[in-house]
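Me: I have a model open and want to know what stands behind the labels used for it. Please take me through them.

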Amino acid sequence: MSKAAELKKQEYLKSVELLKKLIKENGTKEHLTRITAVGYLIETTDFLNLKPDRKKMLKENMIWCNKTYEKYLDS
């Protein structure tokens, strides 16, 4: 894996862990299950050879993560 791909992966994982912490403190079981699944998706994704369907799925989940993170910060 290239250094840039590895850095992107680590950046996403940090975001997921931060959101997971917020969800554990104030969130729902459904949100915790989803963020855990997003973390597994990121961990198992080859960022260097990302297939279009996987890229779309990852993008949709990161958008959800960002919106959910903002929601928890506002509450």
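The questions below deal with helix packing and then with a pocket.

Reply: This is a predicted model, in which local features need pLDDT of at least 70 and side-chain atom pairs count only at pLDDT 80 or more, while totals for chains, interfaces and linings use all residues. Residues are numbered from 1 along each chain as its sequence is written, and side-chain values use heavy atoms, with hydrogens and water left out.

Me: Why are H1 and H3 called oblique to each other?

Reply: The axes of H1 (residues 3–26) and H3 (residues 52–74) come within 10 Å and cross at roughly 45°. Angles under 35 degrees count as roughly parallel, over 145 as roughly antiparallel, 65 to 115 as roughly perpendicular and the rest as oblique. H1 and H3 are therefore oblique. Axes here are lines fitted to C-alpha atoms, for helices over the stretch in contact, and angles run from 0 to 180 degrees between N-to-C directions. The helices themselves are DSSP runs (H or I, at least four residues), numbered from the N terminus.

Me: What makes H2 oblique to H3?

Reply: H2 (residues 29–44) packs on H3 at an angle of about 140°, with the axes 11 Å apart. That angle makes H2 oblique to H3. The crossing of H2 and H3 is left-handed, a term for a near helix turned anticlockwise from the far one by less than a right angle (clockwise would be right-handed).

Me: What makes H1 roughly antiparallel to H2?

Reply: H1 and H2 pack at an angle of about 165°, their axes 10 Å apart. This angle is why H1 counts as roughly antiparallel to H2. H1 passes H2 in a left-handed crossing. On the H1 side the contact (heavy atoms within 4.5 Å) includes Leu-13, Val-16 and Lys-20, and on the H2 side Leu-32, Gly-39 and Glu-43.

Me: How do the residues of the contact of H1 with H3 divide?

Reply: They divide into 12 nonpolar, three polar and no charged. Ala, Val, Leu, Ile, Met, Phe, Trp, Tyr, Cys and Pro count as nonpolar, Asp, Glu, Lys and Arg as charged, and the others, Gly among them, as polar. The contact of H2 with H3 has 10 nonpolar, four polar and three charged residues.

Me: What makes the largest pocket a pocket?

Reply: On a 1 Å grid over the protein atoms alone, a pocket is an open set of points where a 1.4 Å probe fits, with protein on both sides within 12 Å along at least five of seven lines; lining residues have an atom within 4 Å of a point. The largest pocket has a volume of about 150 Å³, the volume being the space filled by probe spheres set on the points. Its lining includes Lys-8, Tyr-12, Phe-47 and Met-62. H3 gives the largest share of that lining, four residues. By class, the lining has five nonpolar, no polar and three charged residues.

Methods:
Helix = DSSP H or I, 4+ residues; strand = E, 2+ residues; numbered from the N terminus.
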